[in-house]
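Please examine the cysteine pairing and the surface charge of the structure shown here. The paragraphs that follow take these two topics in turn.

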Amino acid sequence: MKGFTTKAVHAGRYTPAKGVVPPIYQTATYAFDTPKEMQDIFEGRSAGFVYSRVGNPTQKIFEEKMAVLEGGESAKAFASGMGAISAAILSVVRAGDHIISDRFIYGSTYDLFTEMLPRLGVSVSMIDLSDIDELEESLQENTRLIFYETPSNPTMKLVDIKKISEYHPITMVDNTYMTPYLQNPLELGSDVVIHSATKYISGHCDTLGGVIVSDAEFIERTHQVLKDFGAAMSPFNAWLLLRGIKTLALRMDRHSSNAMKVAEFLEGHPAVRRVYYPGLKSHPQHRLAERQMRGFGGMIAFEMQSYSEAEALMRDLELCTLAVSLGCVETLIQHPASMTHRAVPEERRESLGLRDELVRMSVGIEDVDDIIRDLSQALDRSIAQ
Ligand code: PLP
């Protein structure tokens with residue numbers, strides 16, 4: 001007769017059922033009948049799972065889905081977008097190497113390149129990748145990779161993926177703003193694509209996640225970094241992301257059509273000095289956007305006349321939520337210079353387009369007339385003052 005605690009731990013049998021939706025394999029470790037069974041998995045002689053930091057069935061379904069959607073051979077999931085970006089970089093560079101990055105990128109990635117990597121003996125040139133002359137001048141014999149976002153967070157600058165892919169170093173694109181539904185960098189020649197899955201892939205502001213998609217050999221290298229640095233995606237987060245992806249196309253169509261209407265409204269409002277949205281003809285890279293993207297997405301940046309007007313706008317909005325992050329069904333608005341990009345030193349912000357009066361908006365899927373009505377009441381107040 002077994003004791004109470006033994007029964008509490010072991011009673012009840014696990015009977016896999018064929019659910020329409022895959023289960024959350026909420027387990028850290030896996031059971032084997034013989035040591036050899038486990039060794040075979042470790043040494044690649046058979047497929048399976050040993051420990052969830054290095055692999056989990058729910059996470060694996062997410063990886064397979066992302067590889068298919070991005071048109072890559074393989075994918076690796078991480079706990080967050082930064083987990084994925086840092087693993088992609090660390091799987092390539094060593095002390096003495098050189099990186100070229102577009103300087104118009106997310107604040108923490110900027111920080112990783114300008115603070116963390118130089119400490120590890122990696123030199124970084126932060127340049128404007130839309131300027132090919134600057135790229136050619138920056139290339140060195142030890143340049144191992146070129147990194148960029150397109151469109152960039154938050155300034156909505158684009159980089160020509162096809163053109164950059166012609167250069168020899170490994171090219172990595174952060175495709176968070178576009179998602180695989182609207183842009184596929186691998187098909188345009190890039191070697192690696194990365195996402196903060198926290199954003200549109202999830203779509204609901206309820207989980208963190210990151211993913212790298214590339215060829216099998218590159219993904220194997222990122223697996224080594226995952227194993228040793230440990231930024232693993234939790235099974236529950238993988239499950240939430242799997243649910244989010246199912247409606248990605250529907251959401252992106254709605255985000256894009258709403259954002260187009262909001263951008264046109266903002267462009268016509270006297271309180272707004274300038275709007276940055278690749279779908280607008282006034283965007284300097286509108287033609288490139290039409291060539292390499294299948295839609296213009298849900299992100300907009302715009303400049304008010306002054307910081308105090310930008311601050312008043314964010315205070316006066318009622319439907320749009322003041323919050324960092326993006327890609328949620330709710331419309332979010334925020335101030336990059338003091339929020340997402342505060343890690344960028346003040347003296348560098350101006351040259352990166354991070355002006356104090358710049359506001360970033362992640363247009364949600366609400367009825368667009370309601371979003372515009374909210375903006376209108378807040379912008380009209382700013383003019384009346
Ligand atoms: N890349 C972009 C373009 C982002 O906007 C963000 C976060 O805002 C990240 C990467 C980092 O992602 P995470 O917050 O999931 O680590």
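How many disulfides does the count come to? In this predicted model, the count comes to one disulfide, taking as the criterion a pair of cysteine sulfur atoms within 2.5 Å. The bond joins Cys-205 to Cys-328, with an S to S distance of 1.7 Å. The torsion about the S-S bond of Cys-205 and Cys-328 is about 60°, and the disulfide is therefore right-handed.

The position of the two partners in the fold may be considered next. Cys-205 is located in the loop between strand E6 (192–196) and strand E7 (210–214), while Cys-328 is located in the loop between strand E10 (321–322) and strand E11 (332–334), so the pair ties together parts that are 123 residues apart in sequence. As to solvent exposure, Cys-205 is partly exposed, with a relative accessible area of 40%, whereas Cys-328 is buried, at 0% relative accessibility. Cys-320, by contrast, takes part in no disulfide: the nearest cysteine sulfur, which belongs to Cys-328, is 13 Å away. Cys-320 has a relative accessibility of 4% and so counts as buried, because buried means under 20%.

The second topic is surface charge. Which residues form a negative surface patch? The patch consists of Asp-131, Asp-133, Glu-136 and Glu-137. Of these residues, Asp-133 may be described further: Asp-133 belongs to helix H6, which spans residues 132–138. Asp-133 has a relative accessible area of 53% and is therefore exposed, since exposed means over 50%.

Terms used:
Residues numbered from 1 in each chain as written. Predicted model: local features only at pLDDT ≥ 70, side-chain atom pairs only at ≥ 80, totals over all residues. Heavy atoms only, no water. Patch = residues over 30% accessible without salt bridge, like charges linked within 9 Å, V, L, I, M, F, W, Y side chains within 5 Å. Areas by Shrake-Rupley, 256 points an atom, 1.4 Å probe, with all protein chains shown as cover. Salt bridge = Lys/Arg side-chain N within 4 Å of Asp/Glu carboxyl O. Lys, Arg positive; Asp, Glu negative; His and termini not counted. Charge placed at Lys NZ, Arg CZ, Asp CG, Glu CD. Helix = DSSP H or I, 4+ residues; strand = E, 2+ residues; numbered from the N terminus. Buried < 20%, exposed > 50% of the residue type's maximum accessible area, 1.4 Å probe, protein only.
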